[in-house]
Amino acid sequence: MVCVGYALQHQKPAWMQGLLSEKFFVGCGTHDSARKNEKNIYCLDCCKSICPHCLPAHLTHRLLQVRRYVYHDVIRLDDLVKLIDCSYVQSYTINSAKVVFLNQRPQSRPFKGSGNMCGTCERILQEPYFYCSLACKVDHIVKQGKDLSRYLHKCEILPLSDFVFTQLESLKGDAGDLDDGQMTPNSIFDNPLSSGSSASGTVGCKTLACTATTDFVKKKRSGLISQDFPATPEVVASLSRRKGTPQRSPLY
């Protein structure tokens, strides 16, 4: 019984084993034909990586968003500290948010000399950090024979940020999406000048007509004219006009 209790104390929990071994930013097999199907979310309750299209089946689960930094997986420090003690793990700042690496990164050559190094993989670190990644700290604790459960935090609720759910809502209209940022009639005519007073209404209409003509010219020259952008007789006439023969001014 003592050996079993000792093993349980030093064994990594299932969610941690999955988090450190899962492959992220690969295509989701369940949603292979869907757009933006990279697996960048980890479900702690299912112990597997999922893509944004899988979220509806995991909304009540504890979720972590995995990010990418210099081609390696990172997690926001604010999210990770809810699950485990991340002290002395070197963090990096991305878009004003601190992140830590999940696993150790390969090194081109071993470090030779004196300096602050990772206690597991001997990567050079800044003071006062002891570990370069979460995996390095966990492995060091286990190798030292310490009780890993003392570093774990109980977390029953771990929701994703609102930004992720905003992305999910946009993916729901995948079939009716606009053509990825290309100009459409609705976006062209959505101009603040059109909501002005009656005195400035004429100016707004002229400005909108000019904008529509300009964008029509761009689309015609680039071969993008379609049914979504009707060609009115006035616009076609303005496009068909050519400059006359230039006349030299008389010399006196």
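So, how do strand 4 and strand 6 pair, in the parallel or the antiparallel sense, and over how many bridges? They pair in the antiparallel sense, over three bridges, with strand 6 covering residues 97-101. Before I go on, please keep in mind that this is a predicted model.

Let me stay with that part of the sheet for a moment. I75 in strand 4 has V100 as its bridge partner in strand 6. I75 also stands opposite V66, over in strand 3. Strand 3 and strand 4 are joined by four bridges, again antiparallel. Those two strands make a hairpin with two residues between them, and V70 in the turn has a positive phi of about 45°. As a reminder for the bench people, strands of a sheet pair through backbone hydrogen bonds, either parallel or antiparallel.

Okay, zooming out. The whole thing is an open sheet of six strands, in the order 2-1-3-4-6-5, and the pairing is antiparallel. Strand 2, residues 48-50, and strand 5, residues 92-94, sit at the edges; each has a single partner strand, so one side of each has no neighbour in the sheet. From one strand to the next, the twist averages 45°.

At the strand 2 end, strand 1, residues 41-43, runs antiparallel to strand 2 and is joined to it by three bridges. One pair to look for there is C43, opposite K48 in strand 2. Packing on the sheet we have helix 2, residues 14-21, which touches strand 1, strand 3 (63-69) and strand 4 (72-76). The direction of helix 2 makes about 155° with that of strand 1.

Helix 2 is worth a closer look. Its buried residues are W15, M16, G18, L19 and L20. What covers them? The cover includes strand 1, strand 3, strand 4 and helix 4. Take L19 as an example: leaving aside neighbours within four places in sequence, L19 is in contact with F24, Y42, L64, I75, L102 and L134. You'll recognise I75 from the sheet, where V66 stands opposite it.

That brings me to the core. The largest nonpolar core has 31 residues, and the members touching the most others are L19, L64, L80, L102 and L134. Helix 2, strand 3, helix 3 and helix 4 are the elements giving two or more residues to this core. Which of them gives the most? That's helix 4, with five residues. There is also a second, separate core of nine residues, and among them are C28, I41, I50 and C51.

Now, somebody is going to ask about cysteines. How many disulfides does the model have? The count comes to zero. The sulfur of C46 has its closest cysteine sulfur in C43, 3.6 Å away, and that is too far for a bond because a disulfide needs the two sulfurs within 2.5 Å. C136 is in no disulfide either; the nearest cysteine sulfur, in C132, is 3.6 Å away. As for their surroundings, C46 is partly exposed, at 33% relative accessible area, whereas C136 is buried, at 0%.

Last topic, charges. There are six salt bridges in the structure, and I'll go through some of them. K12 and D139 meet side chain to side chain at 3.0 Å, N to O. What does that pair link? Distant parts of the chain: K12 is in the loop between helix 1 (2-10) and helix 2, D139 is in helix 4 (residues 134-143), and they are 127 residues apart. K12 is partly exposed, at 26% relative accessible area, and D139 is partly exposed too, at 21%.

Next, D85 and K137 form a salt bridge at 3.9 Å, N to O. This pair also links distant parts of the chain, with D85 in the loop between helix 3 (77-80) and strand 5, K137 in helix 4, and their positions 52 residues apart. Is each end buried or partly exposed? D85 is partly exposed, with a relative accessible area of 25%. K137 counts as buried, at 4%.

And one more: D78 and R76 meet in a salt bridge, 3.8 Å from N to O. R76 is partly exposed, at 27% relative accessible area.

That's what I had, thanks.

Methods:
Residues numbered from 1 in each chain as written. Predicted model: local features only at pLDDT ≥ 70, side-chain atom pairs only at ≥ 80, totals over all residues. Heavy atoms only, no water. Pairing = 2+ DSSP bridges. Axes fitted to C-alpha atoms, helices over the stretch in contact; angles between N-to-C directions. Contact = heavy atoms within 4.5 Å. Buried < 20%, exposed > 50% of the residue type's maximum accessible area, 1.4 Å probe, protein only. Salt bridge = Lys/Arg side-chain N within 4 Å of Asp/Glu carboxyl O. Core = buried A, V, L, I, M, F, W, Y, C linked by side-chain atoms within 4.5 Å.
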